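I opened my notebook today to look around a structure, one place at a time. Come along and check each entry against the picture.

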Amino acid sequence: MKLNSDILYWRLKEQLHSVVLHGRSSDNLALSRPEFYLDRAQTFEKNRVYVCSADHLPQRPKLSENVCLICLGQHWNLNAYYDRCSVIVVEGDWDIFRIFNLVQSVFDLYDNWEEQLWHILRHGAKLSEMLNISMGIFENPMLLIGSDFRYLGVTEEDYLQKKLGLHLDTQSFDAEKMATFLSLHDMSTHVREPLLLELQGTRTLSVNIFDQAEYLGCLTIFEGIRPIRDSDKALAVFLAKLLRQAIQQNPVLAGIRTAVRRALRSIIAGQSIDFEYRRALSAENGKTDWVCVKLIPKSGSTPLPGAYLSAALEERYPGAMAFEFEDSVAAFLPAGQTEKESIGSLLPVLERLGVICGFSSIFSSLYDAEHAWFQASTALQNGLSQDSDLPVFYFHDYLLPQLLSSALAGRPTWVYYTAGLKRLKDHDNSSHVSYLHTLRVYLDNNLSVTKTAAALFLHRSTLLDRLAHITTMLGNDLKDPDYCLTLGIILRAELEQKRMEQTDPKYKKKEDF
């Protein structure tokens, strides 16, 4: 995972002691793994960590945003850096390769933490386990309470009981303790920023957990073993986001929006929904128009966890609901935020997430979610077979291929051939002139002789003669609109089927006529 300079400073200080942090730093978790500074290089890239010797740094550097330098030794050059980036000075006679490996080990520690959190989230989502493995990061007691102020998870129970007098032998605070906790914490359920406060002489860091506007609970970290650091705020926010997803997976703890997600998952799976889910769906229904989106990993990209993709979409689109479904992510987004004209804002998000998606048409009732999911799925399927380089596919752009595919009901086109079409097929098999192709172009041009002759590069009289032969072999009058529609569907479906066979290796080729 990405880190910040404050995390690197404190972790290096634990190992080396003689470490000092100077300059500007960002609270955001944005720094990538370290690299060695190459002598004489002038440019320092954004969100990078450079391990270097202080006396090798240039006097006039080009510093991008949020650069962190880890420098061995002091040098007067460093004054040019303090006001423009983070500088962690390591004093003493240290080997640069050892320092580099220490920085790598810090990233390894947090990568392992993130990996364990995601593993727990995908295998039971136990809140207590997520708190326990976070002890090595925060090194302080932690408490998680729900929206009804029940205990959901706790670490270091002895500390909370003996130092703060919080008795954990019940499922919730007693009335007196609850009043004390709330009054000292000033825990306003609408506050979204981390709260650094004091509880009975002990500093605490609290992060409220929300599902959009719905309050789900609060994570509190107590300053019991080591002082709370600036970087703990960003790390607590990160942990709170994953705890939110774990809470959402628990039907007892989850809020209304989670019930809506579960109802939508049942609907698109073709299952019935019970009374409680139906009530939650009705409460959300009618507030806005929707579009359904199906997302899958882009070919060649590393798949991200579905829970992560869902959370990223909901964060990007307020009011959205997203969840894992089979081998994809299903998302229901407010239609006003996903107009095709403003899709440019979505493209960088899809690129960053490494996914492609199919969009349904706009719909009003969430009870129609199954039909919208069908539209999004077929848009993705048809789009990939025709325009595989695009990241977004819209159902209404692929109506004809879908209608043609549905018309065939999965059977080869020759099954639907009339006796007349079979005669044309027999002719084409023994002639270099294709009557079927001529008929298809004639129908596509609305029976216009002039347009068909131009499209086929034929003289008008040559085309009229050929059409006369075709009409005779068909045994029907091409002036009959129903008959022409039938022929047009069969011939266009056949063309679409051949294109699918050529472009989609997974398409099962049917036996030719």
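My entries follow, and I remind myself at the start that this is a predicted model.

**Entry 1: the core**

I began with the largest nonpolar core, which has 55 residues. Which of them touch the most other members? I found Leu8, Ile70 and Trp113. I then looked up what gives the most to this core, and it is helix H3, residues 96-122, with 12 residues.

I stayed with Trp113 for a moment and listed its contacts, leaving out residues up to four places away in sequence. Trp113 touches Met1, Ile133, Ser134, Ile137, Phe138, Leu235, Phe238 and Leu239.

**Entry 2: helix H3 from end to end**

Next I checked the length of H3. Its 27 residues should span 39 Å at 1.5 Å a residue, and the end C-alpha atoms are indeed 39 Å apart, so the two values agree.

I noted the buried residues of H3 too; among them are Phe100, Val106, Tyr110, Trp113 and Trp118. What caps the N-terminal end of H3? I found Asp95 there, with a side-chain oxygen 2.9 Å from the backbone nitrogen of Phe97. Just after H3 comes Gly124, which has a positive phi of about 110°.

**Entry 3: a serine in a strand**

I moved on to Ser86, which sits in strand S7, residues 86-90. Is Ser86 buried or exposed? Its relative accessible area is 1%, and the cut-off for buried is under 20%, so I wrote down "buried".

The side chain of Ser86 makes a polar contact with the side chain of Ser5, at 3.2 Å. Setting aside neighbours within four places in sequence, I listed Ser5, His22, Arg24, Ser25, Val67, Cys68 and Leu69 as contacts of Ser86.

**Entry 4: helix H9 and the loop after it**

Helix H9, residues 256-268, has 13 residues. I read 19 Å from its first C-alpha to its last, close to the 18 Å expected. Why do I call H9 largely enclosed by the rest of the structure? Because 11 of its 13 residues are buried. Arginines are on that buried list, including Arg257, Arg261 and Arg262.

After H9 I met Gly270, with a positive phi near 75°. Then I looked at Asp274, in the loop between H9 and helix H10, residues 275-284. Asp274 is partly exposed, at 42% relative accessible area. Its side chain reaches the backbone nitrogen of Tyr277 at 3.0 Å. I also paired Asp274 with Ala263: they are 11 residues apart in sequence, and their C-alpha atoms are 8.4 Å apart in space.

**Entry 5: a five-stranded sheet**

I finished with an open sheet of five strands, in the order S14-S15-S13-S16-S17, with mixed pairing. Which strands stand at the edges? They are S14 (321-325) and S17 (392-394); each has a single partner strand, so one side of each is left without a neighbour in the sheet. Neighbouring strands of this sheet are turned by 20° against each other on average, ignoring direction.

I zoomed in on one pair: S13 (residues 290-297) and S16 (residues 355-359) run antiparallel and are joined by five bridges. Here Leu295 has Cys357 in S16 as its bridge partner.

My last note is about helix H11, residues 306-316. H11 lies across S13, S14, S15 and S16, and runs at about 165° to S14.

Notes
Residues are numbered from 1 along each chain as its sequence is written. This is a predicted model: local features need pLDDT of at least 70, side-chain atom pairs count only at pLDDT 80 or more; totals for chains, interfaces and linings use all residues. Side-chain values use heavy atoms; hydrogens and water are left out. A nonpolar core is a set of buried Ala, Val, Leu, Ile, Met, Phe, Trp, Tyr and Cys residues joined through side-chain atoms within 4.5 Å. Buried means under 20% relative accessible area, exposed over 50%, partly exposed in between (1.4 Å probe, protein chains only). Helices (H or I, at least four residues) and strands (E, at least two) are DSSP runs, numbered from the N terminus. Contact means heavy atoms within 4.5 Å. A polar contact is a pair of N or O atoms within 3.5 Å; within protein, one must be able to donate a hydrogen and the other to accept it, and residues adjacent in sequence count only if both atoms are side-chain atoms. The expected span of a helix is 1.5 Å times one less than its number of residues. Two strands pair if DSSP finds at least two bridges between them. Axes are lines fitted to C-alpha atoms, for helices over the stretch in contact, and angles run from 0 to 180 degrees between N-to-C directions.
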